[in-house]
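Reader: Please pick one part of this model and take a close look at it. Keep to what can be checked residue by residue.

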Amino acid sequence: MLEDRIRSWDGEEVVVRFDHLTGTWMFVCIHSRKLGPACGGTRMKTYPDLEGALADAMKLSAAMTLKMAVADMPFGGGKAVLAIPLAFAEDQRTELIKRYADMVESLGGNFQTGPDINTSIADMDLIGERTRHVVCRSRERGGSGDPGPYTARGVFHGICASVNHAFGSPKLQGRSVLVQGVGDVGSRLAEQLVAAGARVLISDVATERVQRLVDSIGATPIPPEEAIGSDCDVYSPCALGGTLNAGTIPQLRCRIVAGSANNQLAEPDDADRLRAANILYAPDFVINAGGVLYAWGLEALGWSRETIDARHRGIGDTLANIYSAAERGGVSTEAAAIRIAAARLSAGDRAATSIQRGPL
Ligand code: PHE
């Protein structure tokens with residue numbers, strides 16, 4: 001039941017609005033403001049039911065809290081879901097986004113948003129006409145633009161650190177990486193991996209996207225249904241979450257899982273399942289922080305490009321520390337990462353974060 005779900009959530013606040021004109025449910029979940037205002041993207045999607053939409057918003061917003069804490073950013077975690085009906089007409093989009101922007105504005109800066117699945121830089125421009133609590137407007141409008149390539153950059157560093165831990169060298173030459181989902185982030189990642197000498201396999205339900213990358217970078221296409229069981233050094237989930245579960249983990253034929261998708265584990269036990277299978281897992285909220293470091297770093301903290309680059313490399317260092325800590329402690333890498341976040345959150349106030357300390 002919706003009420004039980006909201007009551008038992010460990011976050012701070014759930015804001016709900018129903019948009020009668022389009023039949024859209026809007027959820028803004030503010031998970032934590034302990035380290036600063038709750039930040040997170042806006043996802044637009046059709047869900048099978050209302051409860052699924054709310055559950056997604058809650059889980060994604062909790063992941064943002066962990067992401068910000070591990071990245072040592074002075075922000076908390078939030079997320080918005082616009083659950084559009086199946087019959088949603090795209091010509092209603094502009095007006096819906098404007099009404100949603102008013103909702104963001106009404107939260108007075110407690111929630112700051114940016115793009116996520118199915119929302120664009122143009123949407124952020126539109127939101128920016130109604131509220132200043134938005135990042136990733138277009139460069140022409142004074143925003144930081146598309147964060148996708150920067151999320152990919154962070155994942156790239158994370159893959160190098162993971163390869164180093166598993167194989168004793170960070171070199172990607174001769175390593176095979178399967179990028180599952182080649183949208184905004186996955187396609188950029190695939191390009192960077194090829195440039196670094198990796199053998200790149202790609203898979204996506206959108207065959208045109210796959211073909212484009214096969215033509216442009218010489219990646220090897222893998223049919224979507226074969227992706228999970230493909231032999232590779234690194235499996236990199238860069239599409240929707242929840243793909244690692246009790247059913248799929250035994251099928252994996254990789255040494256490492258390291259990708260950009262949020263909430264890759266269907267349930268917490270999956271972290272232990274990966275560990276038992278001797279698969280090194282890069283916790284998603286650690287490895288996919290590159291976009292957040294870029295967008296909020298640039299727009300809210302005034303970081304230079306050099307600082308942002310250093311922070312992106314820092315994702316690799318953080319993962320290396322997490323891998324060692326997990327081994328020492330005999331726990332999953334997910335558990336080790338959560339410990340870091342928990343320590344930052346309990347140290348708690350904004351003064352404890354890197355805003356004073358500068359880059360890593
Ligand atoms: N969608 C991003 C995430 O899940 C959130 C984000 C918004 C990142 C804006 C960068 C910029 O991390």
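Author: What follows is a walk through the sheet around strand 9, then its salt bridges and a covered helix.

The model is predicted, so local features need pLDDT of at least 70 and side-chain atom pairs count only at pLDDT 80 or more, while totals for chains, interfaces and linings use all residues. Residues are numbered from 1 along each chain as its sequence is written, and side-chain values use heavy atoms, leaving out hydrogens and water.

Begin with the sheet. Six strands form an open sheet in the order 8-7-6-9-10-11, and the pairing is parallel. Strands (E, at least two residues) and helices (H or I, at least four) are DSSP runs, numbered from the N terminus. Two strands pair if DSSP finds at least two bridges between them. The edges are strand 8 and strand 11 (280–281). Each has a single partner strand, so one side of each lacks a neighbour in the sheet.

Now strand 9 itself. On one flank, strand 9 runs parallel to strand 6, joined by 4 bridges. Leu 178 stands opposite Tyr 235 of strand 9. Gln 180 faces Pro 237 of strand 9. Helix 6 (residues 184–195) packs on this sheet and touches strand 6, strand 7 (199–203) and strand 9. Contact here means heavy atoms within 4.5 Å. The direction of helix 6 makes about 165 degrees with that of strand 6. Such angles run from 0 to 180 degrees between N-to-C directions, with axes fitted to C-alpha atoms, for helices over the stretch in contact.

Strand 9 also pairs with strand 10 (residues 256–257), again in the parallel sense, over 2 bridges. There, Val 234 has Ile 256 as its bridge partner.

Which way do the side chains go? In a regular strand they alternate between the two faces of the sheet. In strand 9, Val 234 and Ser 236 point one way. Tyr 235 and Pro 237 point the other way. All four are buried, which means under 20% relative accessible area; exposed is over 50%, and partly exposed lies in between (1.4 Å probe, protein chains only).

Next, the loop before strand 9. Asp 233 forms a salt bridge with Arg 175 (3.7 Å, N to O). The term needs a side-chain nitrogen of Lys or Arg within 4 Å of a carboxyl oxygen of Asp or Glu. Arg 175 sits in the loop between helix 5 (148–167) and strand 6 (176–180), and Asp 233 in the loop between strand 8 (220–221) and strand 9 (234–237), so the pair ties together parts 58 residues apart in sequence. Arg 175 is partly exposed at 22%. Asp 233 is buried at 16%.

The structure holds 17 salt bridges. Another joins Arg 209 and Asp 204 (3.2 Å, N to O). Here Arg 209 is partly exposed at 35%, while Asp 204 is buried at 10%. Arg 273 and Glu 267 make a further one (3.0 Å, N to O). Arg 273 is partly exposed at 29%, and Glu 267 is partly exposed at 36%. Shared partners link Arg 43, Asp 56, Lys 79 and Asp 116 into one salt-bridge network.

Last, a covered helix. Helix 10 (residues 290–299) has 8 of its 10 residues buried. Among them are Val 292, Leu 293, Tyr 294 and Trp 296. Their cover includes strand 3 (38–45), helix 2 (50–70), strand 5 (111–115), helix 5 and helix 11 (305–329).
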